[in-house]
Amino acid sequence: MAKTKTAFFCQNCGSQYPKWTGQCSSCKQWNTIVEEVVHKEDKKSWKTDSTLAKKVSKPLRVSEITNEKELRLDTQDQEFNRVLGGGLVPGSLTLLGGEPGIGKSTLLLQIALKLSYKTLYVSGEESQKQIKMRADRIHPNSENCFVLTETKTQNIFQQIAALEPDIVVIDSIQTLHTDYIESAAGSISQIRESTAELIKFAKESNTPVILVGHITKDGTIAGPKILEHMVDTVLQFEGDRNYVYRILRSLKNRFGSTAELGIYEMQGSGLREVNNPSEVLISKNEEDLSGTAIAATVEGMRPLLIEIQALVSTAVYGTPQRSATGFNAKRLNMLLAVLEKRAGFKLGAKDVFLNITGGISVDDPAIDLAVVAAILSSNADISIEKGVCFAAEVGLAGEIRPVQRVDQRILEAEKLGFTAIYVSKNNKIGLKNTNIQVHLVSKIEDVVRGLFG
């Protein structure tokens, strides 16, 4: 009988060690190294006798490689297609991560039910009856979606060989296990081996595979970091469960841009695609409220208008509070320092709270000017005129800096009925005959003069 082989793996980053140590030298985390059985049988999991597996690649000159347009499978979901770069690429492996209960399974089941392609939905977490209850709520009738509840990869591949699906969905990769690795499901070695088998299947059969991945308390995808390197696309599904809106971001994409963004609204009947997010991210208050400003931002190829709220009040305790939701807190401190030093506003003894409505997070520097305007509006308790928005970065010297794709921002603001927009005077604007008034400013003082007289 062969001797059982063991190794020590870091549960945080997946680094391997010959013996146990208290701290991982790669990620510097303590008490994350555990022993796992790594004895592997000399077998293959996916079609050992396949002619595809016997093919040997030969080197080709770059000029000899044909550059044909990649065929993509339409998922019948515009937001999902946008984030993927146009649809699913045959033979690709896509990893979808997100918080528990955020809607990962709902999103993929909803897509699987709408597809015109034969789809196999493999669940290791729910029974077929549970999935049927959700399917009846989302999309009752579907002839192309097949549901399998299984966690053993060998059994899954047997069903795949019999069904021959066009798309495979695995929910989730942390629940799978293979007989060729003697360790528990969800361990480093099991996740790595199961993913390797799925990659081999996807590439040889040219079938796209979508994996659901759990995340850790830090918000990163659970398992070894190599998991994200192995797959072709990594998507992050995020949002506050107290809000109805969900954001789908691309963290890695070998077939498209990583700057694209998809927005959904959670409803009782599933996730609804939000085609015009600007209208839902801006509140419909008829009253003039101080501390509110509208920023024109761009996510990927899509311009958005978002609402920024600020509250400035006298600090009760000795140290003033600085709190930001959906915005970088360090950047907020920098903007407050600029207002104090360059513009002469005394905010050092005041609490400042900042919030981007809708529960989304934005890191576009073009919203700096809107943040400053919201803070000054709350500090003076004077509301900003309705129909005014902002698109500019604020520098450390108090200057208003230009931003990219300002024309798109202006057109989006005009389309939504805004009458004025503040941008940097150094921006080159190619638009003509627009109905929106464009204010060109160079310093914060120009903005204050234009807003508050």
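**Close-up views of a predicted model**

**View 1. Lys28 in the loop between β2 and β3.** Lys28 is exposed, with a relative accessible area of 52%. In this predicted model, Lys28 belongs to the loop that joins β2 (16–17) to β3 (33–37). Although Lys28 is not a glycine, its phi is positive, at about 65°. Most residues other than glycine have a negative phi.

**View 2. Arg405 in the loop between β19 and α10.** Arg405 is placed between β19 (400–401) and α10 (406–415), in the loop that links them. The phi of Arg405 is near 50°, a positive value in a residue other than glycine. Is Arg405 buried, partly exposed or exposed? With a relative accessibility of 31%, Arg405 counts as partly exposed, because partly exposed residues lie between the 20% limit for buried and the 50% limit for exposed.

**View 3. The peptide bond from Asp171 to Ser172.** This bond is cis, and its omega is near 5°. Most peptide bonds are trans. Ser172 is located in the loop between β7 and α5.

**View 4. Helix α4 and the elements packed against it.** Helix α4 covers residues 153–163, and its buried residues are Thr153, Gln154, Ile156, Phe157, Ile160 and Leu163. An α-helix has 3.6 residues a turn, so residues three or four places apart point the same way. Which elements do the buried residues of α4 pack against? Their partners are three strands, β5 (119–123), β6 (145–149) and β7 (167–171), together with helix α5 (188–205). Just after α4 comes Glu164, with a positive phi of about 55°.

**View 5. Ser424 in strand β20.** Strand β20 consists of residues 420–424 and includes Ser424. Ser424 has a relative accessible area of 0% and is therefore buried. A polar atom of the Ser424 side chain lies 3.1 Å from the backbone nitrogen of Asn426. Leaving aside residues up to four places away in sequence, Ser424 touches Ala391, Ala392, Ile400, Arg401, Pro402, Leu440 and Val441.

**View 6. The largest nonpolar core.** This core comprises 45 residues. Which residues have the most contacts inside it? They are Ile308, Ile367, Val371, Ile375 and Phe390. Helix α9 (residues 368–380) gives the most to this core, contributing 8 residues.

**View 7. A second nonpolar core.** Separate from the largest core, a second core contains 28 residues. Among them are Leu96, Tyr121, Ile167 and Leu235.

**View 8. The whole chain, as a setting for the close-ups.** The chain has 453 residues, of which 48% count as buried. Its secondary structure comprises 11 helices and 21 strands. The C-alpha trace spans about 85 × 55 × 55 Å along its principal axes. Among contacts with a separation of 6 or more, 66% are between residues 24 or more positions apart. The chain has an accessible surface of about 22,700 Å², and carbon and sulfur atoms make up 49% of this surface. The chain carries 53 positive and 53 negative charges, and the mean positions of these two sets are 5 Å apart.

Key:
Residues are numbered from 1 along each chain as its sequence is written. This is a predicted model: local features need pLDDT of at least 70, side-chain atom pairs count only at pLDDT 80 or more; totals for chains, interfaces and linings use all residues. Side-chain values use heavy atoms; hydrogens and water are left out. A nonpolar core is a set of buried Ala, Val, Leu, Ile, Met, Phe, Trp, Tyr and Cys residues joined through side-chain atoms within 4.5 Å. Buried means under 20% relative accessible area, exposed over 50%, partly exposed in between (1.4 Å probe, protein chains only). Helices (H or I, at least four residues) and strands (E, at least two) are DSSP runs, numbered from the N terminus. Contact means heavy atoms within 4.5 Å. Accessible areas come from the Shrake-Rupley method with a 1.4 Å probe; for residues, only the protein chains shown count as cover. Lys and Arg count as positive and Asp and Glu as negative; His and the chain ends are not counted. The place of a charge is taken as NZ of Lys, CZ of Arg, CG of Asp or CD of Glu. A polar contact is a pair of N or O atoms within 3.5 Å; within protein, one must be able to donate a hydrogen and the other to accept it, and residues adjacent in sequence count only if both atoms are side-chain atoms.
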